[in-house]
Amino acid sequence: MAKWVYTFGDGKAEGKADMKNLLGGKGANLAEMANLGRPVPPGFSITTEVCTYYYANGKSYPAELKDQVATALAHVGRIAGKTFGDASNPLLVSVRSGARASMPGMMDTVLNLGLNDRTVEAVAKQSGDRRFAYDSYRRFITMFSGVVLGIDHHHFEEILDEHKDKHGYSLDTELSADDWVELVAQYKDRVQEESGKPFPQDPNEQLWGAIGAVFGSWMNHRAITYRRLHNIPENWGTAVNVQAMVFGNMGDDSATGVAFTRNPSTGEKKLYGEFLINAQGEDVVAGIRTPQEITEEARRESGSDKPSLERAMPAAFADLERIYAALERHYRDMQDMEFTIEKGKLWMLQTRSGKRTAKASLRIAVELAGEGLITNEEAVARIDPASLDQLLHPTIDPKAERRIIASGLPASPGAASGEIVFTSEDAETLKAQGRKVILVRVETSPEDIHGMHAAEGILTTRGGMTSHAAVVARGMGKPCVSGAGTLRVDYAKQSMTATGQTFRKGDVITIDGSTGQVLAGRVPMIEPELSGEFATLMGWADKVRKLGVRANADTPADARAALKFGAEGIGLCRTEHMFFDEDRIRAVREMILSDDEKARRTALAKLLPMQRGDFTELFEIMQGLPVTIRLLDPPLHEFLPHTQEEIAEVAQAMGTDPQKLADRARELSEFNPMLGFRGCRIAIAYPEIAEMQARAIFEAAIDAGKRTGKPVVPEVMVPLIATRAEFDIVKERIDAMAEAVSREKGVKLDYQVGTMIELPRACLVADKIAEGEGGAEFFSFGTNDLTQTTFGISRDDAASFLTPYTARGILPVDPFVSIDQEGVGELVRIGVQRGRKVRPNLKVGICGEHGGDPASVTFCHHVGLDYVSCSPFRTPIARLAAAQAALGKAPATQA
């Protein structure tokens with residue numbers, strides 16, 4: 001018989017930590033803690049296989065499940081000394097999700113399950129605290145109604161607020177037992193009104209309703225969005241964890257909290273977290289009350305006047321410190337744990353590897369290696385390469401004036417400026433229009449995941465460092481300020497009030513997630529400085545990787561950034577980007593408008609010193625490192641003006657007839673420029689353009705080599721080759737120019753000529769393009785265009801259908817973001833194999849933005865490429881991804 005349920009508790013468990021795929025992360029770690037003898041309330045996990053079965057079989061359960069759950073429930077009851085559904089000694093349980101990958105707040109939870117009109121009285125009698133019993137009951141009605149019955153919590157908030165206003169209460173803790181009894185009756189009446197049925201009193205009906213809701217939440221909108229953003233496969237499913245309740249809301253000797261063994265923002269090795277006295281778990285993470293600090297040191301730093309856990313409950317705090325240290329050593333990683341203290345006794349409700357910022361990840365990995373808990377290679381493998389983007393976000397210039405309008409908690413580091421929006425929908429809309437926004441909320445909920453993704457940063461007026469906004473923002477690498485309690489947000493008026501000033505939707509503010517400050521207006525930013533841990537870890541990565549990493553760089557600033565981030569050369573210099581300066585575009589237009597070769601050469605002569613100067617500066621900056629320069633690629637009509645006003649203005653500046661300019665622009669315009677007169681086709685039709693560029697490259701190489709003392713070996717790349725004949729024609733002109741410059745300068749030139757492989761045909765005839773003495777000496781796969789020409793998709797027009805394609809699973813990921821390994825990847829494989837068959841030492845790389853995508857970098861490693869090239873700011877990502885590929889670690893998108 002299939003086993004669908006695994007129990008844990010009382011110092012033993014049927015599962016263990018390495019059963020995460022079956023039991024989910026939470027279930028596997030609860031089992032592990034139980035096996036380690038930690039104080040874990042007894043419970044059981046319903047496996048992820050049940051979730052898979054549930055969706056594959058019309059939302060039904062395996063036949064054996066009901067009996068296995070009943071047996072497990074009885075087992076839990078024996079350990080707890082209580083019976084589920086018993087009117088005098090009831091077992092109450094929590095029902096929580098637990099996928100194998102952590103998805104904080106994305107799926108549903110129900111606490112206090114098993115309470116009804118009879119068991120609530122038994123709980124009141126047993127605890128000697130009627131207020132506690134009915135407080136727990138009203139919480140259960142609210143959660144169960146929202147999660148299982150689909151009745152939004154605002155119905156109950158409305159009833160509660162009216163009651164508090166009527167009796168002059170400010171805080172929930174002021175309500176008496178009689179108040180909660182009255183409110184429970186009103187809550188049940190509202191359930192009857194909204195659903196047409198009374199609130200369920202049968203504990204078994206409650207349990208199966210909650211189990212179904214947790215499995216159902218795997219496919220809710222926010223969970224689907226989270227999985228898409230974090231590349232979590234839908235077929236993984238979620239487990240369900242049913243666990244005996246322990247109560248943090250039983251009075252002033254009870255509490256609940258969340259803590260980390262190290263600071264998740266900075267990585268500092270200090271116990272870090274928050275807790276609330278006389279509260280349940282959702283009060284901490286939901287941000288409804290502002291929590292207290294765990295340690296006295298943290299309390300002093302925050303300036304809080306509320307006692308720390310260390311001061312309020314010293315015995316429980318000592319247990320917590322001891323357990324946390326032991327669990328970090330056991331798991332060999334920073335742990336994020338939830339705990340409850342019931343009547344002074346500490347219970348551990350969860351442990352998992354804590355989510356952390358990229359900055360913290362680096363520090364923690366390097367320090368764990370220094371402590372001997374992990375190896376240098378394990379440290380390299382633990383950092384998500386894509387997360388390094390977080391380190392490259394701007395921060396506020398220290399010299400900038402700060403007009404501080406509010407302060408909150410520094411929930412996620414970095415800084416951002418943008419227009420205020422108050423809804424996630426507005427954030428998405430404005431993002432699509434290319435505008436930058438700050439999402440301002442009283443508190444975020446999992447429903448805001450899409451708006452948080454669209455925003456530059458998040459600002460909330462409630463919540464702590466472990467609130468939903470803080471945890472999700474850190475995971476996304478977005479700046480976040482939470483708990484800015486002096487702000488007043490009015491959703492109806494779409495306004496925010498701070499220090500007597502009113503800010504409306506569309507006004508610009510800046511948030512500093514490193515200090516917790518909220519600033520008026522747009523504030524100047526500076527580039528970040530990379531930490532010592534960054535340099536240490538990247539040094540370890542560079543020792544193990546086999547794949548070279550270059551950068552795409554067209555300007556001196558790009559080249560300097562490339563070196564700063566560890567690039568080993570320039571893999572793509574797009575020469576057309578050098579032509580758009582005002583002085584140069586005029587010479588380019590003169591060249592295009594010329595009627596004959598002589599006039600074109602006259603115009604090109606004006607461009608020659610400009611191009612030579614550009615290349616000289618790049619070569620000097622790169623100090624002898626390889627530089628690949630692509631000859632002019634885009635269609636010529638892109639350089640011409642198109643509106644009547646622009647044409648008249650340019651014609652006047654050039655002293656030419658506007659009609660002639662308009663006619664030439666019309667003559668050069670194309671229905672599909674991507675497949676038109678571009679690339680090597682320009683060099684063949686107008687060889688003088690390629691000759692000018694080749695001369696500029698070779699003269700610059702000689703000049704830079706003399707100035708730096710570092711020989712320059714330029715790599716000249718011919719774009720958009722489809723046939724060997726095209727390559728031969730262009731290469732002949734390049735070689736002739738090299739010979740001429742060499743003769744004129746009296747210097748022997750060392751250079752290479754290769755091609756950009758961006759057409760499927762070029763991949764298929766790669767052997768012909770590379771073979772023989774005159775063949776291509778290197779290939780660089782232009783995977784942006786290769787993807788376009790393989791799929792028959794225009795990258796500029798694809799957004800309208802690629803999103804539904806990936807959402808429906810037609811494509812696993814946008815092929816312009818991560819290389820399509822089955823199709824485009826197969827063409828790359830063919831090109832590499834056929835090219836190296838005739839030229840074994842053929843140098844091969846890629847230079848599309850895929851070069852900075854970790855999954856694509858891993859693919860390039862396995863195909864045997866020599867290097868990848870990407871934008872300068874993504875070179876650290878590529879370096880780390882290349883190291884992880886060498887270590888055999890699968891990237892997240894391929895998990």
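Let me begin in the interior of this predicted model, where the largest nonpolar core has 98 residues, and where Phe619, Phe698, Phe779 and Phe781 are the ones with the most contacts inside that core. Helix α26, which covers residues 687-708, gives the most to this core, contributing eleven residues. As general background for those of you who are new to this, nonpolar side chains in soluble globular proteins tend to be buried together.

If we take Phe619 as an example and leave aside residues up to four places away in sequence, we find that Phe619 touches Gly624, Val627, Ile629, Ile697, Ala700, Ala701, Ala704, Val712 and Pro714. Apart from this core lies another one, made of 80 residues, and among them are Leu65, Val123, Val191 and Ala427.

Now let me turn to strand β24, residues 508-512, which is mostly covered, since four of its five residues are buried. Which strands pair with β24? One is strand β17, residues 415-421, which pairs with β24 in the antiparallel sense over five bridges, and here Ala415 stands opposite Asp512 of β24. The other is strand β25, residues 517-520, which is also antiparallel to β24 and is joined to β24 over four bridges, with Ile511 standing opposite Val518 of β25. β24 and β25 form a hairpin that has four residues between the two strands, and in the turn Gly516 has a positive phi of about 85°. In general, the strands of a sheet pair through backbone hydrogen bonds, and they may do so in a parallel or an antiparallel way.

Next, a word about the cysteines: how many disulfides does the count come to? The count comes to zero when a disulfide is taken as a pair of cysteine sulfur atoms within 2.5 Å. Cys763 forms no such bond because its sulfur is 12 Å from the closest cysteine sulfur, that of Cys847, which is too far. The case of Cys870 is argued in the same way, because its sulfur is 11 Å from the closest cysteine sulfur, in Cys860, again too far for a bond. As for their surroundings, Cys763 is buried, with a relative accessible area of 0%, and Cys870 is buried with a relative accessible area of 0% as well.

Let us move on to helix α2, residues 48-56, whose buried residues are Thr48, Val50, Cys51 and Tyr54. Why do we say that these residues line one face of the helix? Looking down the axis of α2, we see the buried residues fall within an arc of 150°, and therefore they line one face. What covers them includes α1 (20-35), β3 (43-46), α3 (65-80), α8 (203-217) and β8 (238-244). After α2 comes Gly58, which has a positive phi, near 60°.

Two of those covering elements, β3 and β8, bring us to my last topic, an open sheet of six strands in the order β2-β1-β3-β8-β6-β7, with antiparallel pairing. At the edges stand β2 (12-13) and β7 (109-113), each of which has a single partner strand, so one side of each is left without a neighbour in the sheet. The pairing of β7 is with strand β6, residues 93-99, to which β7 is joined by three bridges as the two run antiparallel, and Val93 has Leu113 of β7 as its bridge partner. Finally, α8 packs on the sheet, where it touches β3, β6, β7 and β8, and the direction of α8 makes about 145° with that of β8.

How values were computed:
Residues numbered from 1 in each chain as written. Predicted model: local features only at pLDDT ≥ 70, side-chain atom pairs only at ≥ 80, totals over all residues. Heavy atoms only, no water. Core = buried A, V, L, I, M, F, W, Y, C linked by side-chain atoms within 4.5 Å. Buried < 20%, exposed > 50% of the residue type's maximum accessible area, 1.4 Å probe, protein only. Contact = heavy atoms within 4.5 Å. Pairing = 2+ DSSP bridges. Arc of directions from axis to C-beta. Axes fitted to C-alpha atoms, helices over the stretch in contact; angles between N-to-C directions.
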